[in-house]
Amino acid sequence: MARKSKLKRKTSETDIEIELNIDGEGNYNIDTGLHFLDHMLESFSRHSFIDLNIKSKGDIEVDDHHTIEDVGILLGETFKEAIGNKKGIKRMADATVPMDDSIATVAIDISGRSYCNMYVDFTNEKIGDVSSQNIIHFFESFADSAKINFYAKVSGFNDHHKAEALFKAFAKSLKEACKIEHDKIPSTKGVL
């Protein structure tokens, strides 16, 4: 069964379309209007081997909050639809990724329940054209709409490196958690 999804989300603040293929090759075509967010999502796609197409128009003349939040929400919803009933998946995984002075660890449980716990301090208010606080909000939005547990711990000095290590660890842990290992629902409840 193909683990693919394509969804749209239109509000008075954003107009977004996302298409993803969990079992892809890491191909991407991403345009959110925010260059640093594009770079992080491209890195996510390449390192997860999840094909990802994102087209977003948002009120970035106001600020980056609505676009980042809504991309996170829709990416989570698209992932949730693509993963389906979760039959046979590994479900839980973690990854630690170094990048120069920084290191990030991400642990994921595709549990059907949302929770986001992040330990990351950015030094600067902005990273490129993105507010650093909204990097954290992106993951909160994704975890909530994807119905996953997301834990991240990042340390280092360079904010760009910290963010990129975070997105790469996210990529590696999510891909590993999606691996098909058997033919059962990995839960004592029988559902996820």
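**Notebook: a helix pair and a run of strands**

I looked first at how the two helices meet, and found that α2 passes α3 in a right-handed crossing. The model I am reading is a predicted one.

I then took the geometry of this pair: α2 covers residues 65-83 and α3 covers residues 132-146, and the two pack at an angle of about 30° with their axes 7 Å apart. Because angles under 35 degrees count as roughly parallel, I have entered α2 as roughly parallel to α3.

Next I listed who makes the contact. From α2 I noted H65, I68, E69, V71, G72, I73, L75, G76, E77, F79 and K80, and from α3 I noted N134, H137, F138, S141, F142, S145 and A146. When I sorted the residues of the contact of α2 with α3 by character, they came out as eight nonpolar, seven polar and three charged.

I turned to the strands. I found β5 (residues 92-99) paired with β6 (residues 102-109) in the antiparallel sense, over eight bridges, and for register I wrote down that T96 stands opposite T105 in β6. These two strands, β5 and β6, form a hairpin with two residues between them, and in the turn I marked D100, which has a positive phi of about 50°.

Which strand else pairs with β6 in the antiparallel sense? I followed β6 onward and came to β10 (residues 149-155), where the antiparallel pairing runs over seven bridges. To fix the register here, I noted S155 in β10 as the bridge partner of I103.

Methods. Residues numbered from 1 in each chain as written. Predicted model: local features only at pLDDT ≥ 70, side-chain atom pairs only at ≥ 80, totals over all residues. Heavy atoms only, no water. Axes fitted to C-alpha atoms, helices over the stretch in contact; angles between N-to-C directions. Helix = DSSP H or I, 4+ residues; strand = E, 2+ residues; numbered from the N terminus. Parallel < 35°, antiparallel > 145°, perpendicular 65-115°, else oblique. Left-handed = near helix turned anticlockwise from the far one by under 90°. Contact = heavy atoms within 4.5 Å. Nonpolar A, V, L, I, M, F, W, Y, C, P; charged D, E, K, R; others polar. Pairing = 2+ DSSP bridges.
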